[in-house]
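Here is a short tour for anyone who likes to check a binding site atom by atom. Have the viewer open and follow along.

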Amino acid sequence: MSDSLLVTGGSSGIGLAVAERFAAAGWRVINLSRRPCPVPDADNLTVDLSDPDWDPTILRSVLVAGERLCVVHNAAETTADSALEVNPDTLRSFLETMVVSAARIDREVIPLMGARSSVIFIGSIVSETAFGLTASYATAKHAVVGLMRATCQDLDRDDVHTCCIKPGHVRTPMLEGLMNDGVVDRQEVLKLTHAHRLIEPDEIADLVYQAAHTPIINGAVIDAHLGRLAG
Ligand SMILES: NC(=O)c1ccc[n+]([C@@H]2O[C@H](COP(=O)([O-])OP(=O)(O)OC[C@H]3O[C@@H](n4cnc5c(N)ncnc54)[C@H](OP(=O)(O)O)[C@@H]3O)[C@@H](O)[C@H]2O)c1
């Protein structure tokens, strides 16, 4: 029985790098997103996670009860919005994709998990703080940490662990889009750490892979921001 990765948003950016990292180590890859994950032999389930009516029971066709499974809740979208002018549809959509769908996936797959399985959430710096014009995204990312902590408390077995990884600025289509639109200033971002560079997606993927193999971090919220400078 092979080990399996179930990643959301494996079609792009960090999720794709995670899929490539686990596949290189011999794991089977199952991806949930609207576009396919290009990793050879990946099982692609075409799903819009913002749609409350998508059916998590489709996962039963690709999962094997008792196998080691790493679930990576990674799919997300972002926008620039003010807390004073939130579009309710945007907020609902972000919560559905990042939080409600993650909970629905876990409800379906955790009972099937074998020993040494894990549930890894991808958060953000705005999972525990907020900046201006991040209202819907920061709200959903805070809830991601809440769901991880609740999952840790409610997992009534000692052979499955969970954590949340909070990346800094990672060179992905999401961040490139924000920089191209002028929402994020590329030069200001480079000043946020002494490293003066963006994080590469495969650096986050390596950390996710290590996290999947490290049960003592159960319940942890892990910064991965290259040493973001205070003030
Ligand atoms: N890049 C950064 O600087 C940064 C920093 C901190 C945290 N993060 C987090 O890292 C994660 C990955 O982001 P990224 O930077 O790699 O962005 P990305 O390249 O834009 O990838 C986002 C992924 O999420 C999927 N997705 C979005 N909405 C979806 C939906 N409704 N249904 C299904 N899949 C959906 C996309 O797939 P489809 O479009 O194919 O559906 C895509 O594969 C996110 O949780 C993000 O918040 C990123």
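## Ground rules and a loop residue

Helices and strands here are DSSP runs numbered from the N terminus, a helix (H or I) having at least four residues and a strand (E) at least two. Keep in mind that this is a predicted model.

With those labels in hand, look for Ile 216, which lies in the loop between α6 (201–212) and β7 (220–224). Is Ile 216 buried or exposed? Its relative accessible area is 80%, and the cut-off for exposed is over 50%, so Ile 216 counts as exposed. Measuring from C-alpha to C-alpha, you will find Cys 163 at 9.9 Å from Ile 216, although 53 residues separate the two in sequence.

## The ligand and its pocket

Now move to the ligand, which sits in the largest pocket. Around the ligand there are 29 residues, and those that come nearest are Ser 11, Ser 12, Asn 74, Tyr 137 and Thr 172. Which helices each supply at least two residues of the shell? They are α1 (13–24), α3 (135–154) and α4 (173–180). The largest share, three residues, comes from α4.

Several polar contacts involve oxygen atoms of the ligand. One pairs a ligand oxygen with an N or O atom in the side chain of Thr 172, at 2.5 Å. Backbone N or O atoms take part too: one of Asn 74 lies 2.6 Å from a ligand oxygen, and one of Val 170 lies 2.8 Å from a ligand oxygen. As for cover, the ligand has 880 Å² of accessible area on its own, and the protein covers 94% of that.

## Asn 74, beside the ligand

Asn 74 deserves a closer look. Its place is in the loop between β4 (69–73) and α2 (88–109). The relative accessible area of Asn 74 is 11%, and buried means under 20%, so this residue is buried.

While the backbone of Asn 74 has an atom 2.6 Å from a ligand oxygen, a polar atom of the Asn 74 side chain lies 3.2 Å from the backbone oxygen of Gly 9. Gly 9 also appears among the contacts of Asn 74 beyond four places in sequence, together with Val 7, Thr 8, Ile 14, Gly 15 and Ile 122.

## His 73, in the strand

His 73 lies in strand β4. At 6% relative accessible area, His 73 is buried. What does the side chain of His 73 make a polar contact with? The partner is the side chain of Asp 106, at 2.7 Å.

Setting aside neighbours within four places in sequence, His 73 is in contact with Thr 8, Ala 102, Ile 105, Asp 106, Val 119, Ile 120, Phe 121 and Ile 122. Thr 8 and Ile 122 are listed for His 73, and they are listed for Asn 74 as well.

## Two leucines with positive phi

Finally, two backbone angles to check. Leu 133 is not a glycine, yet its phi is positive, about 60 degrees. Leu 133 is found in the loop between β5 (117–122) and α3, and with 54% relative accessibility it counts as exposed.

Leu 226 also has a positive phi, near 65 degrees, in a residue other than glycine. Look for Leu 226 in the segment after β7; its relative accessible area of 33% makes it partly exposed.

Technical notes:
Residues are numbered from 1 along each chain as its sequence is written. This is a predicted model: local features need pLDDT of at least 70, side-chain atom pairs count only at pLDDT 80 or more; totals for chains, interfaces and linings use all residues. Side-chain values use heavy atoms; hydrogens and water are left out. Buried means under 20% relative accessible area, exposed over 50%, partly exposed in between (1.4 Å probe, protein chains only). A polar contact is a pair of N or O atoms within 3.5 Å; within protein, one must be able to donate a hydrogen and the other to accept it, and residues adjacent in sequence count only if both atoms are side-chain atoms. Contact means heavy atoms within 4.5 Å. A residue is near a molecule or strand if one of its heavy atoms lies within 4 Å of it. Accessible areas come from the Shrake-Rupley method with a 1.4 Å probe; for residues, only the protein chains shown count as cover. On a 1 Å grid over the protein atoms alone, a cavity is a set of points where a 1.4 Å probe fits but cannot get out, and a pocket is an open set with protein on both sides within 12 Å along at least five of seven lines; lining residues have an atom within 4 Å of a point. A molecule sits in a cavity or pocket if more than half of its atoms lie within 2 Å of its grid points.
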